[in-house]
Amino acid sequence: MIMADRKQLKNPNGLILGTPGSGKSFSAKREITNVFLVASKKDTIIICDPEAEYAPLVNRLGGQVVKISPTSKDYCEPYGFEPELLRG
């Protein structure tokens with residue numbers, strides 16, 4: 001595994017690839033927890049989780065789960081997105 005300070009990279013996004021059962025979810029959850037523990041208050045962690053696999057971790061860390069679906073009350077307006085709103 002290669003670990004890096006993503007803040008120092010030109011593109012801080014990540015991707016975890018592997019065969020089924022190789023520990024991808026475990027690695028992702030461990031990295032999310034590590035980032036949370038060392039993040040400053042101005043940092044924002046966004047997780048796209050279509051299977052709600054990370055919701056218990058987000059709740060445990062005091063985060064907010066936003067469910068976006070055709071039937072939910074929450075939605076995302078792509079042309080009205082303001083990053084300042086995420087900084088609380």
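**Figure 1. Overview of the chain in a predicted model.** Among contacts between residues at least 6 apart in sequence, 40% join residues that are at least 24 apart. The model shown here, as in the views that follow, is predicted, and its secondary structure comes to 2 helices and 0 strands. Of the 88 residues in the chain, 9% count as buried, while the exposed area of the chain is about 8,100 Å², of which carbon and sulfur atoms supply 57%. A search of the whole structure finds 2 salt bridges and 0 aromatic pairs.

**Figure 2. The salt bridge between lysine 29 and glutamate 53.** The side chains of these two residues meet with an N to O distance of 3.7 Å. Because lysine 29 belongs to helix α1 and glutamate 53 to the loop between α1 and α2, the pair ties together parts of the chain that are 24 residues apart in sequence. Lysine 29 counts as partly exposed, since its relative accessibility is 28%, and glutamate 53 is likewise classed as partly exposed, with a relative accessible area of 31%. Lysine 29 also takes part in a second arrangement, in which it lies over the face of tyrosine 54 at 5.4 Å from the ring centre.

**Figure 3. The surroundings of tyrosine 54, a residue of the loop between α1 and α2.** With a relative accessible area of 12%, tyrosine 54 is buried, because the cut-off for that class is under 20%. When its neighbours within four places in sequence are left aside, tyrosine 54 is in contact with Ser25, Ala28, Lys29, Ile32, Ile47 and Asp49. Of these partners, Lys29 is the residue that lies over the face of the tyrosine 54 ring. Tyrosine 54 and valine 65, which are 11 residues apart in sequence, have a C-alpha to C-alpha separation of 9.2 Å in space.

**Figure 4. The backbone at alanine 52, in the loop between α1 and α2.** Although alanine 52 is not a glycine, it has a positive phi of about 55 degrees. Its relative accessibility is 49%, and alanine 52 therefore counts as partly exposed, the exposed class requiring a value over 50%. The same loop between α1 and α2 is the place of tyrosine 54 and also holds glutamate 53.

**Figure 5. The salt bridge between lysine 73 and aspartate 74.** In this pair the closest N and O atoms are 3.7 Å apart. Lysine 73 counts as exposed, as its relative accessibility is 73%, whereas aspartate 74 has a relative accessibility of 27% and so counts as partly exposed. Aspartate 74 is placed in the segment after α2, the helix that spans 55-60. Apart from its neighbours within four places in sequence, aspartate 74 is in contact with Val66, Lys67, Ile68 and Ser69.

**Figure 6. A nonpolar surface patch that includes valine 38.** Val35, Phe36, Leu37, Val38 and Ile45 together make this patch, which has an area of about 470 Å². Valine 38 is found in helix α1, which runs over residues 24-38. Its relative accessible area is 68%, so valine 38 is exposed.

Technical notes:
Residues numbered from 1 in each chain as written. Predicted model: local features only at pLDDT ≥ 70, side-chain atom pairs only at ≥ 80, totals over all residues. Heavy atoms only, no water. Helix = DSSP H or I, 4+ residues; strand = E, 2+ residues; numbered from the N terminus. Contact = heavy atoms within 4.5 Å. Patch = residues over 30% accessible without salt bridge, like charges linked within 9 Å, V, L, I, M, F, W, Y side chains within 5 Å. Areas by Shrake-Rupley, 256 points an atom, 1.4 Å probe, with all protein chains shown as cover. Salt bridge = Lys/Arg side-chain N within 4 Å of Asp/Glu carboxyl O. Buried < 20%, exposed > 50% of the residue type's maximum accessible area, 1.4 Å probe, protein only. Phe/Tyr/Trp six-rings, centres within 6.5 Å; stacked < 30°, edge-to-face > 60°. Lys NZ or Arg CZ within 6 Å of the ring centre and 35° of its normal.
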